[in-house]
Amino acid sequence: MPTATALLTDRYELTMLAAALADGTADRDCVFEVFARRLPHGRRYGVLAGTGRLLEALPGFRFGKAELDALRFQGLTDQRLLDWLADFRFGGDIDGYAEGELYFPGSPVLTVRASFGEGVLLETLALSILNHDSAIASAAARMVAAACERPCIEMGSRRTHEEAAVAAARAAHLAGFGASSNLEAGRRYGVPTTGTSAHAFTLLHDDERAAFRAQVDTLGVGTTLLVDTYDVEQGIRTAIDVAGPGLGAIRLDSGDLPTLATRARELLDELGATGTRVIVTSDLDEYAIAGLMAAPVDGYGVGTSLVTGSGAPTAGMVYKLVERDGVPVAKKSEGKNSVGGRKSAVRRHSADGIAVAEVVSSAPIPPRDGDRDLVVPLVRSGELCDRTSPAEALRRARQHHAQSREALPPEAWALSRGEPVLETVPA
């Protein structure tokens, strides 16, 4: 049985539905779109993540006896509403950008066509998943870019909610992180997992040598030894004395990382451990990673900044009704306007394959050489278009993201604040 997800929503979705059932408008054919009006301040692009998790959640969005009892307990006793919910199964269509795709202001990353009743129920679930996961993936992509092909490890589980940690590990892997410390992400999605020891393990033992010996005896010489519990230089000497020059890596988790990494590399080479890698952690973000580019660092472990979106913990996406019974409708309030009508979208490219514009229109988009359609079918009449495993879906999203990034212009990689690297334009 799918995990029940129907109560992962806001009460006002159900009160709107109750009123629409009462006045006969719940069955109107509607189109809802998910988009971001703007990117987080200064960001050049966004990364869509969470679509796969949303599709995983859809089959479980049902109201069984337990869910209906919970609604009654919370005061939602309208019998017409409860009867409708008891029979509910989403039967509409969903289209959207492929997971891992880049997005820009106004990009229609998800489109839901269904009756008003069916469509409005999905709002909170869709936004909570896409806003969180896209924020993490967008931050992760900046960190991967700053690392310039040096591997990044996600290790933020202890800095966020336990389920958010799994979602964050998935989103980070989609955007290019090589591994995660989170075992549940490994089980659900096939994310490679890694991890060795914390300072507590060293402190458990009578001395550093005993701790290193226990770890090497258990995990082998290819392990990573944490060398900064006491004195870094002595820790490195002890590590190589215990493990030999074939030690896999050392980890630095505090202090002046560029200076420590440089000295660590020198000392490792002096001791004959020329193949031992230097891994750094300690409150890294994309700026700290970029600041370590000149240092002899072989990999980065990122936690708090990653799982909180590196200053942008939500993608700011909204879920808006844009069409009713085939007629475009739009919100016109100041600062929060939307554009009516169901949208198509293409990514426009120059002759040499570089992306130059995001074309979004409720009118047909005349085809041009170099255009790439962005909207793909996800659900038809309530049935998933692709029933691949969660792990395979993530693998494809990771691959799609890498391909999409390759077409971005060079200014996309700047960490300094700037405007979106592609302008969203009408057809």
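How many of the 427 residues in the chain are buried? In this predicted model, buried residues make up 51% of the chain. The chain holds 15 helices and 19 strands, and its C-alpha atoms fill a box of roughly 80 × 55 × 40 Å along the principal axes. Contacts reach a long way along the sequence: of those between residues at least 6 apart, 74% join residues at least 24 apart.

On to the domains. The chain splits into domain 1, made of 11-138 plus 312-426, and domain 2, which covers 149-308. Their C-alpha centres sit 37 Å apart, and the contact takes 23 residues from domain 1 and 22 residues from domain 2. The UniProt record, an unreviewed entry, places the feature "domain: Nicotinate phosphoribosyltransferase N-terminal" at residues 7-131. In the model, that span is 42% helix and 18% strand, with its end C-alpha atoms 18 Å apart.

Next comes the sheet. Six strands make up an open sheet with parallel pairing, in the order β7-β6-β11-β10-β9-β8. At the edges stand β7 (179-180) and β8 (224-226); each has a single partner strand, so one side of each is left without a neighbour in the sheet.

From the β8 edge inwards, the pairing can be followed strand by strand. Three bridges tie β8 to β9 in parallel, and T224 stands opposite A249 in β9. Between these two strands the chain passes through helix α11 (residues 232-243), a β-α-β crossover that is right-handed. Strand β9 (residues 249-252) is covered on both faces: A249 and R251 are buried on one side, I250 and L252 on the other. The β9 strand then pairs with β10 over four bridges, again in the parallel sense, and I250 has V278 of β10 as its bridge partner. Here the connection goes through helix α12 (residues 257-270), and this β-α-β crossover is right-handed too.

Strand β10 (residues 277-280) is joined to β11 by two bridges, with the strands running parallel. The bridge partner of V280 in β11 is Y300. To get from β10 to β11, the chain uses helix α13 (residues 286-291), in another right-handed β-α-β crossover.

What about the two faces of β11 (residues 299-302): covered or not? Both are covered, with G299 and G301 buried on one side and Y300 and V302 buried on the other. Strand β6 (residues 152-154) also runs parallel to β11, and three bridges join the two. Within this pairing, I153 is matched with G301 and E154 with V302.

Several of these strand residues turn up again in the nonpolar packing. The largest nonpolar core has 64 residues, and those with the most contacts inside it are F177, V227, L252, V280 and Y300. Helix α6 (residues 123-147) gives the most to this core, nine residues in total. Why does the core lie between domain 1 and domain 2? Both domains give residues to it, so it lies between them.

F177 gives a good feel for this packing. Leaving out neighbours within four places in sequence, F177 is in contact with A140, M143, V144, C152, I153, E154, A172, V302, L306 and R398. That list takes in I153 and E154, which are bridge partners of G301 and V302 in β11. V302 itself is on the F177 contact list as well. Apart from this core lies another one, of 52 residues, among them L81, I94, L110 and M317.

Finally, a look at one residue in a helix. T202 is found in helix α9 (residues 199-204). Is T202 buried or exposed? At 2% relative accessibility, T202 counts as buried, because the cut-off for buried is under 20%. Beyond its neighbours within four places in sequence, T202 is in contact with E208, A211, L226, T229 and Y230. One of these, L226, falls within the edge strand β8 (224-226).

Conventions:
Residues are numbered from 1 along each chain as its sequence is written. This is a predicted model: local features need pLDDT of at least 70, side-chain atom pairs count only at pLDDT 80 or more; totals for chains, interfaces and linings use all residues. Side-chain values use heavy atoms; hydrogens and water are left out. Buried means under 20% relative accessible area, exposed over 50%, partly exposed in between (1.4 Å probe, protein chains only). Two strands pair if DSSP finds at least two bridges between them. A crossover is right-handed if, with the strands pointing away from the viewer, the path from the first strand over the helix to the second runs clockwise. UniProt positions are given in the numbering used here, feature names are shortened, and annotations may be inferred rather than shown by experiment. A nonpolar core is a set of buried Ala, Val, Leu, Ile, Met, Phe, Trp, Tyr and Cys residues joined through side-chain atoms within 4.5 Å. Domain bounds come from an automatic or database domain assignment. Contact means heavy atoms within 4.5 Å.
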